[in-house]
Amino acid sequence: MGKKVIITGVPGVGKTTVVNEALKKLKAEGIEYQSINFGTFMFDVAKAEGVVKDRDQMRTLDRQVQKRLQQHAAQAVAKIQGNVLIDTHASVKTPKGYLAGLPEWVLREIMPDTIVLVETDDDQILMRRLTDETRSRDKEGSRAIAEHQQFNRAIAASYAMLTGCTIKIIVNADFLLDRGAEDMAAVLR
Ligand code: AP5
């Protein structure tokens, strides 16, 4: 039986960057993980159906469509054997409010051992979004980013209640990527 670890964090916090650094460390120790991006599984279906052109449009889709895409992704991810790391969102900010990223029907499929919340200061996230030209990031201020990070902690507590998984908070601060990556590697070992 492999380990199933879910990695979350608000857009632009750098969760993918931390994961990639941690996986390099683990590989050097002979520990292998399959790294899955949940959004990519959702996007492949959404694109095939012609409902979106880029991944940043998915959070504006009708709630029922987003839920259907989540379910497709969860079922596909659940079939993967061995150590699996799932890069996703504790909650998604939609025009009509926060949508749970890991509702009960998704968690029941995946049953994670641990859910990681990658966090850092709100103003650092704001700067990373502003300087990332590869994506169509939401334009919002530090206060809104702070609210989203707080909401993610709250909803993560409910995920722990549903599954019995542990919740780990990892800080990915400016100039301290290696510390975040080491903390992440320790969760995955
Ligand atoms: P996804 O692709 O996961 O979107 P995302 O949150 O934008 O994720 P990224 O991987 O782009 O951001 P990141 O925070 O990991 O940042 P990165 O490492 O690139 O999901 C796409 C969409 O799928 C979602 O919007 C949603 O619609 C949907 N989706 C996914 N899961 C879902 C679910 N469960 N339910 C419903 N919908 C779901 O880094 C960002 C920048 O920061 C980079 O420029 C990087 O160089 C910089 N940086 C990183 N670390 C540091 C550091 N320590 N110091 C300085 N700069 C740093």
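**Exercise 1.** In this predicted model, work out which residues line the second largest pocket and which element gives the most to that lining.

*Solution.* Start with the size: the second largest pocket comes out at about 190 Å³. Next, collect the lining, which runs through Arg59, Thr60, Leu61, Asp62, Arg63 and Gln66, then Thr94, Pro95, Lys96, Gly97, Tyr98 and Leu99. Now map these onto elements: helix 3 and strand 5 (97-100) each supply at least two residues. Strand 5 gives the most, with 3 residues. Finally, sort by class, and you get 4 nonpolar, 4 polar and 4 charged.

**Exercise 2.** Do the same for the largest pocket: what is its volume, and which residues are the closest to its centre?

*Solution.* The volume is about 810 Å³. There are 40 lining residues, and Pro11, Lys15, His89, Arg135 and Arg137 are the closest to the centre. Elements that give two or more residues to this lining are helix 1 (15-28), helix 2 (38-48), helix 3 (63-78), strand 4 (91-94) and helix 5 (122-131). By class, the lining splits into 11 nonpolar, 15 polar and 14 charged residues.

**Exercise 3.** Zoom out and check how compact the chain is for its 189 residues.

*Solution.* First count elements: 7 helices and 7 strands, in the order β-α-β-α-α-β-β-β-α-β-α-α-β-α. The radius of gyration is 16 Å, close to the 16 Å from the globule rule, so the chain is as compact as a globular protein of that length. For burial, take under 20% relative accessible area as the cut-off; 46% of the residues then count as buried. Last, the exposed surface is about 9,900 Å², with carbon and sulfur atoms supplying 53% of it.

Conventions. Residues numbered from 1 in each chain as written. Predicted model: local features only at pLDDT ≥ 70, side-chain atom pairs only at ≥ 80, totals over all residues. Heavy atoms only, no water. 1 Å grid on protein atoms, 1.4 Å probe; cavity = no way out; pocket = protein on both sides within 12 Å on 5 of 7 lines; lining within 4 Å. Points joined across faces, edges and corners; volume = space filled by probe spheres on them. Helix = DSSP H or I, 4+ residues; strand = E, 2+ residues; numbered from the N terminus. Nonpolar A, V, L, I, M, F, W, Y, C, P; charged D, E, K, R; others polar. Rg over C-alpha atoms; globule rule 2.2 N^0.38 Å. Buried < 20%, exposed > 50% of the residue type's maximum accessible area, 1.4 Å probe, protein only. Areas by Shrake-Rupley, 256 points an atom, 1.4 Å probe, with all protein chains shown as cover.
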